[in-house]
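Here is a short tour for someone meeting this structure for the first time. Keep the model in view while reading.

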Amino acid sequence: MVSARGDDKSMPKEAITNASQRNKFRLEKVQELSSTIETVYLAKPRGFCAGVVMAIKAVEDHATAMDQNGEDHLTVYHAIVHNDSVVQRLEAEHNVAFVEDLDQIQATVKDGMSDTVVFSAHGISPTVRTQAKQRGLSVVDATCPLVTKVHTEAKRYAALGYHILLIGDSTKHQEVIGTRGEAPSSTTVVSVVGNIKHDNALADPRTVEVPDPTKVAVLTQTTLNIDDVQQTVELLRTRFPDLTIPKADDLCYATKNRQDAIRAIAPDVDLFLIVTSDYSSNGMRLLEVAESICGNAKRVDRVEDIESAWLTGVRSIGISSAASTPEYLVDEIINLFRNGNPDLKVIENGEWENIKFREPKRVLPSEQRA
Ligand code: SF4
């Protein structure tokens, strides 16, 4: 079976055994070396945001309901959130299929219920919505409301005749594709200042051209680095003095809070571990923030990725995780360090968030807007 990222999961049994053995030895070595770690500082908040909780629950609940009704399995368009372990668990426990193209779904109407597709937390372009309706699919739209807010702004500015400069970290990121899709002929995706390395297709904010410099609006992907966005908006303002900016910031609360929590800890640690998949935009920005302050930040998908060489001379470690990373992946790391040093101090300051988003309902093709 091919996962949402296109990885081939069919590995020979012998190779799996060898890989497990290697992981075991590596973990034992890391545990041994972690005896010198005295303190772990846990960033708070970290991990799941309200949008991710809502999206995962929507998949679980609808998959369970469909199973109980004897309907076919549920399909999700794109990874529901950008974390491999979440995607793999939903595949294994709920028989959910992930697709990158709606053509992969066979719409079959049974007892008035057609095949159902879930739109991921990152949102979709209107083209995908139209395709779903044309294919007769029922839809569960798990787009995060904070992404929907940016879509609404894009539609509004385009209708008012503005050219939109959408600050994003990649033209291939699902959220950027979705937002740009609201007004493709009126939108240019620009990089943050000094950082166009992620994607050569991003326009450079220092040189980007627009049809009318007096009618320019700026929008932002929700998960970028706060400082980078501020610098970029300032630069764009000097180039386009009439630049229009939405009243409420597009960077989401979860992005800001997780970056702020890292800033509070990073000056005090020798090493910072960020638990995230490498295709999570918010997770990779956390890595950049931690690296910019402590100068020694590493990304891990899970505990097995920690390298023993990283721990040489390390007495204090900061840990945070992306808005799509399940907490058990952080727990596994702390447990390993605790096994290495039973006197390990775990310090966790800060506040958890108390935000919830309503779970989306299933909408039949006849109920979908054109
Ligand atoms: Fe929504 Fe922000 Fe979470 Fe993305 S990171 S799902 S925009 S709350």
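β6, helix α6 (residues 174-181) and β7 make a β-α-β unit, and the unit is right-handed. The model is a predicted one. Strand β6 covers residues 163-167 and strand β7 covers residues 187-190. The two strands run parallel, joined by four bridges. One partnership pairs I164 with T187 in β7.

A second unit is built from β9, helix α9 (residues 281-294) and β10. This β-α-β unit is right-handed. Strand β10 (residues 297-300) runs parallel to β9, with four bridges between them. There, V300 in β10 stands opposite V275. β9 also pairs with strand β11 (residues 316-321), in the parallel sense, over five bridges. In that pairing, I274 has S320 of β11 as its bridge partner.

How many residues of strand β9 (residues 271-275) are buried? Five of the five are, so the strand is largely enclosed by the rest of the structure. In a regular strand, side chains alternate between the two faces of the sheet. In β9, L271, L273 and V275 point one way, while F272 and I274 point the other way. All of these are buried.

**An open sheet**

Five strands form an open sheet in the order β3-β2-β4-β5-β13, with mixed pairing. β3 and β13 (362-363) stand at the edges with a single partner strand each, so one side of each has no neighbour in the sheet. Further in, β2 and strand β4 (residues 116-119) pair in the parallel sense over three bridges. V76 has V118 in β4 as its bridge partner.

**Around the ligand**

The ligand has 15 residues around it. Of these, C49, G51, C144, T222 and C252 come nearest. Which helices each supply at least two residues of this shell? They are α2 (50-68), α5 (145-159) and α8 (253-265). α2 gives the most, with three residues. What classes of residue make up the shell? Ten are nonpolar and five are polar, and no residue is charged.

**Helix α7**

Helix α7 (residues 226-239) has 14 residues. At 1.5 Å a residue, the helix should span 20 Å. Its end C-alpha atoms are 20 Å apart, which agrees. The buried residues of α7 are V229, T232 and L236. Seen down the helix axis, they fall within an arc of 65°, so they line one face of α7. An α-helix has 3.6 residues a turn, so residues three or four places apart point the same way. On the other side of α7, E234 and T238 are exposed.

**Backbone details in the loops**

Two residues other than glycine have a positive phi, listed here with their places and their neighbour counts.

| Residue | Phi | Loop | C-beta neighbours within 10 Å | Burial |
|---|---|---|---|---|
| H78 | about 70° | between β2 (75-77) and α3 (84-94) | 23 neighbours | buried |
| N95 | near 55° | between α3 and β3 (97-99) | 13 neighbours | partly exposed |

Is H78 buried or exposed? H78 counts as buried because it has 23 C-beta neighbours inside 10 Å, where 20 or more are needed. N95 has 13 other C-beta atoms within 10 Å, so it is partly exposed.

Another loop holds a cis peptide bond. This bond joins K44 and P45, with omega about 10°. P45 is found in the loop between β1 (39-42) and α2. α2 is also the helix that gives the most to the shell around the ligand.

**A pair across the sequence**

T152 has its place in helix α5. T152 is exposed, with 12 other C-beta atoms within 10 Å. How far apart are T152 and T179 in sequence and in space? In sequence, they are 27 residues apart. In space, the C-alpha to C-alpha distance is 8.9 Å.

Key. Residues are numbered from 1 along each chain as its sequence is written. This is a predicted model: local features need pLDDT of at least 70, side-chain atom pairs count only at pLDDT 80 or more; totals for chains, interfaces and linings use all residues. Two strands pair if DSSP finds at least two bridges between them. A crossover is right-handed if, with the strands pointing away from the viewer, the path from the first strand over the helix to the second runs clockwise. A residue is near a molecule or strand if its C-beta atom, placed from the backbone, lies within 6 Å of it. Ala, Val, Leu, Ile, Met, Phe, Trp, Tyr, Cys and Pro count as nonpolar, Asp, Glu, Lys and Arg as charged, and the others, Gly among them, as polar. The expected span of a helix is 1.5 Å times one less than its number of residues. The arc is that of the directions from the helix axis to the C-beta atoms.
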